[in-house]
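The following note was prepared for a colleague who wished to discuss the charged pairs and one of the helices. Please read the points alongside the sequence and the coordinates.

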Amino acid sequence: MNIENYKEEFLSFMTRNLSKSEPKNLYDPIDYIMSLGGKRMRPVLVLMSCDLFDGDIAEAMEAALSIEMFHNFTLIHDDIMDRADLRRGKETVHKKWDLNTGILSGDALMIQSNQRLEYYEGTVFKELISLYNKTALEVCEGQQLDIDFETMQKVDLDEYLKMISYKTAVLVGAALKMGAIICGASPEDQKRIYNFGLNLGIAFQLQDDYLDTFGTQDFGKKIGGDIIEGKKTFLYIKAMELSDVKDREQLLKLYRNTENEDRKISEVKSMFEKYNVAEILLTEIENYTIKALADIDALSLDVSKQELLKDFAMSLMTRKT
């Protein structure tokens, strides 16, 4: 099956299985966030992994819904912490309802996410719930690191890579490993496909860093948003590392500036270009993509299936949005 087929199958299953329970003010926000769209990359990866290892994707649907519910739980709480007004062009849950509803509905969504795994039995359930809990805790750790970075004057690249690995990439790896667990893939292949997802997830997030500053308006959000918000991305950290004392002080001053957003973006981008940090970032993206492709080569799948995974990886890494 191709990506769109997996997505259609999943959306059909999700529509039939979303709770319509009372009280409405608890469950309506859940239906709302789950219906806002998005790439649905994580549930698609659960189904794809199961299919590649000759499993029945119908058996992977509950895990796919579980991981999509967990992802959307993190979005509700991220939006609260970021005080964000919009998500995918629509009002965020806490803005459409209120802060307390956002917190409580988010909590309920995570519990529902966990409950979906009760469909599985025995060793499969134990392995899935263990992976789920490990991943959920790592995502929380990644979020805390991201929050900590806001008040830290100096962030090392290793710290940043750890943060995006925990906050973003581990969930991609977990999605792929869940599909492999459900269809009974070997422990070795489970580990390899997890590592593929981890490296691909890091590359994907680094590409977001690049597109946010050097992408086009087709990217789907305002170019330079990370600069406006003063986020310490790969570009910023590398520029701080390479710049001389004068430029470093100027970059710090620019990041503290909250006036004239367009000028701030322009001057920061000029500083990034001066130290060639965009090219350095593109090389790092390529390195993690190469690692992900090497993980595919190590899988005990026939060449045609390996090529399908590689095509999927490259479609993500050549995106403009």
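**Salt bridges and a buried helix**

1. E307 and K310 form a salt bridge in which the closest N and O atoms are 3.9 Å apart. The model is a predicted one. Both residues belong to helix 15 (residues 303-317), where they are three residues apart, about one turn of the helix. An α-helix has 3.6 residues a turn, so residues three or four places apart point the same way.

2. The two partners differ in burial class: E307 is partly exposed, with 37% relative accessibility, whereas K310 has 18% and counts as buried. The latter assignment rests on the cut-off, because buried means under 20% relative accessible area.

3. The pair should also be read in its wider setting. D297 joins E307 and K310 in a network of salt bridges. For the structure as a whole, the number of salt bridges is 16.

4. A further salt bridge connects the side chains of R40 and E68, at 2.8 Å from N to O. This pair links distant parts of the chain, 28 residues apart: R40 is in the loop between helix 2 (24-34) and helix 3 (41-52), and E68 is in helix 4 (residues 57-82). Are these two residues buried or exposed? R40 is buried, with a relative accessible area of 6%, and E68 is buried as well, with a value of 2%.

5. The side chains of D85 and K95 likewise meet in a salt bridge, with an N to O distance of 3.9 Å. Here too the pair links distant parts of the chain, with 10 residues of separation: D85 lies in the loop between helix 4 and strand 1 (86-87), and K95 lies in helix 5 (residues 93-96). D85 is partly exposed at 42% relative accessibility; K95 is partly exposed at 41%.

6. Helix 11 (residues 234-242) merits a separate remark. Why is helix 11 described as largely enclosed by the rest of the structure? Seven of its nine residues are buried, so the description follows. The buried residues of helix 11 are F234, L235, Y236, I237, K238, A239 and M240.

7. As to what covers these buried residues of helix 11, the elements include helix 8 (157-182) and helix 9 (187-214). Also among them are helix 12 (245-256), helix 13 (261-274) and helix 14 (277-298).

Conventions: Residues numbered from 1 in each chain as written. Predicted model: local features only at pLDDT ≥ 70, side-chain atom pairs only at ≥ 80, totals over all residues. Heavy atoms only, no water. Salt bridge = Lys/Arg side-chain N within 4 Å of Asp/Glu carboxyl O. Helix = DSSP H or I, 4+ residues; strand = E, 2+ residues; numbered from the N terminus. Buried < 20%, exposed > 50% of the residue type's maximum accessible area, 1.4 Å probe, protein only. Contact = heavy atoms within 4.5 Å.
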